Amino acid sequence: MKFASVIVDVAAMQTDREFDYKIPEQWQDAVKPGMRVIVPFGPRKVQGFVTKVKNDSAFERLKNISELLDLTPCLTPELLQLGDWLTEKTLCFKISAFQAMLPAAMKAKYEKIISLIGREKLSEIEILLQPFFEKRNELNWKDIENEIPISVIQKEAAKQNLEIIYEVKQKTKKKMLKYISVNVNKDELRDYYNSLTVQAKKQKEIVHFFLQSEQKSIPMQELLSVLNCSAASVKTLVKKDILIEEEREVYRDPYEDRSFQKTIPLQLNEEQEKAIVPILEAVNDKKHEVFLMYGVTGSGKTEVYLQSIEKVLNEGKEAIVLVPEISLTPQMVNRFKGRFGSLVAVLHSGLSTGEKYDEWRKIERKEVKVVVGARSAIFAPFENLGMIIIDEEHESSYKQEENPRYHARDVAVYRGNYHQCPVILGSATPTLESFARASKNVYKLLTLADRVNARSMPAVEIVDMREELRTGNRTMFSTNLIEKLQDRLAKGEQSVLFLNRRGYSSFVMCRDCGYVIQCAHCDISLTYHRFSQSLKCHYCGHEEHMPTKCPECESEHIRFFGTGTQKVEEEILKVLPEARIIRMDVDTTSRKGAHEKLLTEFGEGRADILLGTQMIAKGLDFPNVTLVGVLTADTMLNLPDFRASEKTFQLLTQVSGRAGRHELPGEVVIQTYTPEHYSVQLASQYDYNLFYEKEMLIRKQHSYPPFYYLSLVTISHPEVTKAASVTEQIVSFLRRELSTQTIILGPVASPIPRIKDRYRYQCMIKYKREKNLHAVLKKVIEHYAQQIAKDDLIIAMDLNPNTLM
Ligand SMILES: Nc1ncnc2c1ncn2[C@@H]1O[C@H](COP(=O)(O)OP(=O)(O)OP(=O)(O)O)[C@@H](O)[C@H]1O
Ligand SMILES: [Zn+2]
Ligand SMILES: [Zn+2]
């Protein structure tokens, strides 16, 4: 008898451990750790992951595994171990860690089925329900949930008239395609061809097709359209065993119709050469080392990545390249596909669930050697990893903001250590954390200080918008910027205009009384959406109509404030009516492939100005762009975020880096209301080092990272007093348990004190060394487990928060 330890798909404190099951006879040899199974759990069936297979169990009366979902483990031994580590490091449930590593398609979906226990019970059940069971014994919960109150069903279940069954639905669907292949050898095929009569014209054509073709098989549809024949003629040949028809699995390939221009390695320049040597050495020596490649924009970091990967592939190993979601542009994908062709899988959120699943399986089956993807691609199930690259390592999207709250950089270092291979972090504006580590030689610093071919960084001009206002310019464009835009239009060159939307949304305010419309469920103002003429809450999705009167004073002077990209577009057209503008924002890029289409259009010169938000700040490399304008540089400086200056500096540097990357020199105009701020000043001088020093001083003064580690505990509850009192208790517990050097701040209301009708309080922990932190925080969760399960209390722990909202 064999037993399996299983982590079940029930994310709760009480179930966050292994459960033992018997492995039925027929699967004794088949079940392996890392496979997904379906197991009975209480009254229902759930998905689970096998973590161990063993010969005995300490428990009696165990249930059988009901179904085996995988033929080969979907979690490798390494990933199972990584799951333990993630659980420990981020304080998440084991099941959440496992699920985070797999494509969404592999997560189970559950359906609730209501079943009549016996036909004779029909007359006994609630009159309301009877019609539903007239003709059948089972109902899908969804079909009645809007019509029958849940209490009615519960009552019937208690009387044993009805039973609720949970069914596990698999979302994974392979795409199958009908193929026709030849079932005989060429000689037999020729003989058969000769035996066919003249009347069998279509059959003759089909056989002839295979006679002269190199291919032994072809998709049915293709055959039919090439020969313009009917399925019936093909079927006749199938019946005669000349051809066979079979279903074959095909991949949904988002890049199928695309051909990629093959590229060859460029001759590296001196700086690139100096940077790549230690990387190649580490590959050679099979040594785990973390490199921080600090290279200014346009310095040729990507070429260094490409050539490093080539070396890894030559060693017979695999590579993971992470790029931020928004810079996973076709340009970026082209560069990897162009160099490594079909050895590259691409994973990003623009793919459908099915496409993602297919890309993932190419990795699992070792059909690809390189994966280029956003954050979760760090879990690619490669077993012979030779390198991990994180491009734009400073990007905040590498941190997942839900459970498990992991940072891809930490996972990369874990996996790099496991595989004894190098990890490369690349950026023109490294995070202070990484640069500090490099300064202490924890990471090895590689520097690319100059642009390729010694191209100069574009000159940056800062425009004080307060001054503009004083001189009577009330538009959102400075005179300077407009003149430069006009100049580019005249010369047929392109411009990029960047609108910094973070911390800046279009809210609706009454001009008479100053009333700002807020979400009814969250303490945050609603955002105006021009497209649908409605107001939306970005935290809970609440939506309402744009009012015509102020709800407070009934004045009709209620207007929206703030600048959306649409507004900017209209304004530009007022001044430059002949400009062709491409606008990139959430509205214009929501449809699949839209992002890519717009960029291609711009690249082909079909517009003069590319106007957009954060999504155009990175990765773009267009030769004809000679002007970059930043409309509002400082909108996020005022956010309650200790990283605000760092983020501003990063963004301004990245945006500026989009200009003058090729033959034509570039120029940048930064409009701001705080021209004296050091992050604006130093970004305009491309002085990362000075910025680093200044910002480090400030972080030190305020005990922030990288001098201190941070952990944030956020407590929320529908009742404000409850949220406050639990936080109070937690704070005093932490004060007792943690060391005296540790700083504990709180309880305070969160910067957004209410979201989705839940009141939020928080407590911040700042520490240098705190050996017991994980254990102590775990105790907190355990202590409140009951209230979390029953009383709607939520305690969120973020052991390395990106933001403090
Ligand atoms: N050794 C080289 N010789 C000639 N051209 C090069 C070389 N290395 C890179 N390039 C070219 O220089 C340009 C900029 O390089 P690349 O995009 O790799 O820089 P980057 O550092 O990744 O930039 P960013 O961080 O701004 O995205 C590209 O067009 C690239 O093809
Ligand atoms: Zn809301
Ligand atoms: Zn009003």
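How do the residues of the shell around ligand 1 divide into nonpolar, polar and charged, and what is each count? In this predicted model, four residues of that shell are nonpolar, nine are polar and six are charged. With this division in mind, we can look at the individual residues around the ligand and then move on to other parts of the chain.

There are 19 residues around ligand 1, and those that come nearest are Gln267, Gln272, Lys301, Thr302 and Arg661. If the shell is sorted by the element to which its residues belong, the largest share, three residues, comes from helix H11, which covers residues 301-314.

Some of these neighbours can be followed down to single atoms. Gln267 takes part through its backbone, for one of its polar backbone atoms is 2.8 Å from a nitrogen atom of ligand 1. Thr302 takes part through its side chain instead, with a polar atom that lies 2.8 Å from an oxygen atom of the ligand. Asp621 also offers a polar side-chain atom, and here the distance to an oxygen atom of ligand 1 is 3.2 Å. Taken alone, ligand 1 would expose 630 Å², and the protein buries 84% of that area.

We can now leave the ligand and turn to the way in which helices pack. Two packed helices are described by the angle between their axes and the distance between the axes. Helix H7, made of residues 201-212, packs with helix H8, made of residues 220-227, at an angle of about 115 degrees, and their axes are 11 Å apart. Because of this angle, H7 is roughly perpendicular to H8. The crossing in which H7 passes H8 is right-handed.

A second pair is formed by helix H24, residues 720-737, and helix H25, residues 773-783, whose axes come within 11 Å and cross at roughly 150 degrees. This angle is why H24 counts as roughly antiparallel to H25. The crossing of H24 and H25 is right-handed.

Finally, the backbone itself deserves a careful look at a few places. Pro705 and Pro706 are joined by a cis peptide bond, with omega at about 5 degrees, and Pro706 has its place in the loop between helix H23 (688-701) and strand S30 (709-717). Another cis peptide bond runs from Gly746 to Pro747, where omega is near 0 degrees, and Pro747 is found in strand S31, which covers residues 743-755. Glu392 draws attention through another backbone angle, since its phi is near 50 degrees, a positive value in a residue other than glycine. This glutamate, Glu392, is found in the loop between strand S16 (385-391) and helix H14 (408-419).

Definitions and conventions: Residues numbered from 1 in each chain as written. Chains lettered and ligands numbered in written order. Predicted model: local features only at pLDDT ≥ 70, side-chain atom pairs only at ≥ 80, totals over all residues. Heavy atoms only, no water. Near = heavy atom within 4 Å. Polar contact = N/O pair within 3.5 Å; in protein donor to acceptor, adjacent residues only side chain to side chain. Areas by Shrake-Rupley, 256 points an atom, 1.4 Å probe, with all protein chains shown as cover. Helix = DSSP H or I, 4+ residues; strand = E, 2+ residues; numbered from the N terminus. Nonpolar A, V, L, I, M, F, W, Y, C, P; charged D, E, K, R; others polar. Axes fitted to C-alpha atoms, helices over the stretch in contact; angles between N-to-C directions. Parallel < 35°, antiparallel > 145°, perpendicular 65-115°, else oblique. Left-handed = near helix turned anticlockwise from the far one by under 90°.
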